[in-house]
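Trainee: I should be grateful for a close look at a single part of this protein. Please take one residue as the starting point and then describe the packing of the helices around it.

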Amino acid sequence: MPTLYHHSMSTASRFIRLVLAEYGFQVDLVEEQTWEKRREFLSLNPAGTLPVYVDDNMRTLCGPTVISEFLDETHGVLKRDRRLLAEDPFQRAEIRRLTEWFLQKMEHDVTKPLVRERVHKLLIPNGLGGGAPDSKILRTARTNIRQHMKYLSWLAGSRTWLAGDRLSYADLAAASAISVLDYLGEIEWSEFPIAKEWYQRMKSRPSFRPMLAERIRGLTPVSHYADLDF
């Protein structure tokens, strides 16, 4: 069975988990604490980043873009209307643009700093970068949430799905980022009803259920995290 090295609060890891689940893959999940810099993990991915996918033939793929493109080229093309990248080149470009937006820009502006300050610092030993959260970093990231949620609301309100008429990588990437922030209780959903309606649709998909059931040691999610109608 393929193996996916991931972390429960990694947006990129969640994205690939959703892609695999939507395509019906079963994988062994290995949670990796990247700050430990395990030699065995670094031998798979010298960059030390997540996710890392090892297929049945022991071939290693590193990073969400590489893994998702590989899965599309090897399996997505067989899925017809369930393919997560469109057939039309321009539509594929739009899906890629939005996937990059949520996995890179939103990650840089919001998700990564919040997870680092609120989650990782609780788990990392003090000598390796753990300790108290930096209030200035938290304020900046929380200020950035509003602009990203406004953009998400515009996309959800003007299209059937974020990149067009069909569920795509763009939706899975956005839902991965939003689910991390929602776990931490960082989204004021009453301000973004259109985005909330879209996220309810995403949370209701079977691919989401395993992630909604997971809990981070020492950090309880907000009460509505696993509720489909919240």
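Mentor: Contact here means heavy atoms within 4.5 Å. The model is a predicted one, and the residue chosen as the starting point is threonine 99.

Threonine 99 belongs to helix α4, which covers residues 89–123. Its relative accessibility is 10%, and because buried means under 20%, threonine 99 counts as buried. Its side chain comes to 2.7 Å from the backbone oxygen of isoleucine 95. When neighbours within four places in sequence are set aside, the residues in contact with threonine 99 are Phe15, Tyr169, Ala170 and Ala173. These partners lead to two further helices: Phe15 is part of the contact that α1 makes with α3, while α6 spans residues 169–183.

The first of these leads concerns α1 and α3. Helix α1 comprises residues 11–22 and helix α3 residues 64–74; their axes are 10 Å apart, at an angle of about 10°. Angles under 35 degrees count as roughly parallel, and α1 and α3 are therefore described in that way. On the α1 side, the contact is made by Ala12, Phe15, Ile16, Val19 and Leu20, and on the α3 side by Pro64, Ile67, Ser68 and Leu71. Of the residues in this contact, eight are nonpolar and one is polar, with no charged residue.

Within α3, the buried residues are Pro64, Ile67, Ser68, Glu69, Leu71 and Asp72. Their cover includes α1, the strands β3 (52–54) and β4 (60–62), and the helices α4 and α6. Thus the helix that holds threonine 99 is also among the elements that cover α3.

A UniProt record, an unreviewed entry, lists residues 1–79 as "domain: GST N-terminal". In the model, that span is 37% helix and 18% strand, and its end C-alpha atoms lie 21 Å apart.

The second lead concerns α6, which packs in turn against helix α7, residues 193–203. The two axes come within 10 Å and cross at roughly 100°, so α6 is roughly perpendicular to α7. From α6, the residues that make the contact are Asp171, Leu172, Ala174, Ala175, Ile178, Ser179 and Asp182; from α7, they are Trp198, Tyr199, Met202 and Lys203. By class, this contact has seven nonpolar, one polar and three charged residues, whereas the contact of α1 with α3 has no charged residue.

Key. Residues are numbered from 1 along each chain as its sequence is written. This is a predicted model: local features need pLDDT of at least 70, side-chain atom pairs count only at pLDDT 80 or more; totals for chains, interfaces and linings use all residues. Side-chain values use heavy atoms; hydrogens and water are left out. Helices (H or I, at least four residues) and strands (E, at least two) are DSSP runs, numbered from the N terminus. Buried means under 20% relative accessible area, exposed over 50%, partly exposed in between (1.4 Å probe, protein chains only). A polar contact is a pair of N or O atoms within 3.5 Å; within protein, one must be able to donate a hydrogen and the other to accept it, and residues adjacent in sequence count only if both atoms are side-chain atoms. Axes are lines fitted to C-alpha atoms, for helices over the stretch in contact, and angles run from 0 to 180 degrees between N-to-C directions. Angles under 35 degrees count as roughly parallel, over 145 as roughly antiparallel, 65 to 115 as roughly perpendicular and the rest as oblique. Ala, Val, Leu, Ile, Met, Phe, Trp, Tyr, Cys and Pro count as nonpolar, Asp, Glu, Lys and Arg as charged, and the others, Gly among them, as polar. UniProt positions are given in the numbering used here, feature names are shortened, and annotations may be inferred rather than shown by experiment.
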